[in-house]
Amino acid sequence: VAESRAEGAANGDMFVLENFGQGAYYVERSMKTLRCISHAVRHWSFRFILKTDTDSWVYLDRLLGAFDSRSLWAKSKLYAGNFREGAGAKASTDARNKWYDPVYPAVSGLREYPKHAKGAGYILGID
């Protein structure tokens, strides 16, 4: 953690999410994402944010090419990602499953998530 803090301070391009420990992977994913994006909005100026999994590799040349070919730079609002995978996805109610999500069904009364970008990452516009 100390090395990550030092790198973030030196380059200004990353941060350590304070007061957020995870005893196991895939726990409180939505809270982690919300806190990270909220931090980015408060501390940096940007038009788009790319959220990726920690084990993902971003081919920046392909990503920028896709932005160019689809004229995405001109968009004021953007939510881009793999929506095919996110259609019809259901919350797991099995506590042994690594994707277990007791929160969404309890809060929404639904088992099926709304259509959303699913997979290794997605892009959000600031608007």
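The lining of the second largest pocket draws at least two residues from each of β1, α3, β2 (79-81) and β3 (121-125). The structure is a predicted model, and this briefing takes up that pocket before turning to the aromatic side chains, for which a search of the whole structure finds seven pairs.

**The second largest pocket**

- Among the contributing elements, helix α3 gives the most to the lining of the second largest pocket, namely four residues.
- The space in this second largest pocket comes to about 400 Å³, and 19 residues line it, those nearest its centre being L50, L63, G81, G121 and I123.
- By residue class, the lining of the second largest pocket comprises 12 nonpolar residues, five polar ones and two charged ones.

**The pair of F15 and W44**

- Of the seven aromatic pairs found in the whole structure, one is formed by F15 and W44, whose rings are tilted, with 5.8 Å from centre to centre and 45 degrees between the planes.
- F15 belongs to the loop between α1 (2-11) and α2 (29-43), while W44 belongs to the loop between α2 and β1 (48-52), so the pair ties together parts of the chain that are 29 residues apart in sequence.
- F15 counts as partly exposed because its relative accessibility is 27%, a value that lies between the limits of 20% and 50%.
- W44 is likewise partly exposed, with a relative accessible area of 32%.

**The pair of F48 and F67, and the cluster with W73**

- The ring centres of F48 and F67 are 5.1 Å apart and the ring planes stand at 80 degrees, so this pair is edge-to-face, an angle over 60 degrees being what that class requires.
- F48 sits in strand β1 and F67 in helix α3 (residues 60-69), and their pair thus links distant parts of the chain, 19 residues apart.
- F48 counts as buried because its relative accessibility, 16%, is under the limit of 20%.
- F67 is also buried, with a relative accessible area of 5%.
- Together with W73, the residues F48 and F67 form one aromatic cluster.

**A charge over a ring**

- R62 lies over the face of Y59, at a distance of 4.2 Å from the ring centre.

Note on methods:
Residues numbered from 1 in each chain as written. Predicted model: local features only at pLDDT ≥ 70, side-chain atom pairs only at ≥ 80, totals over all residues. Heavy atoms only, no water. Phe/Tyr/Trp six-rings, centres within 6.5 Å; stacked < 30°, edge-to-face > 60°. Buried < 20%, exposed > 50% of the residue type's maximum accessible area, 1.4 Å probe, protein only. Lys NZ or Arg CZ within 6 Å of the ring centre and 35° of its normal. 1 Å grid on protein atoms, 1.4 Å probe; cavity = no way out; pocket = protein on both sides within 12 Å on 5 of 7 lines; lining within 4 Å. Points joined across faces, edges and corners; volume = space filled by probe spheres on them. Nonpolar A, V, L, I, M, F, W, Y, C, P; charged D, E, K, R; others polar.
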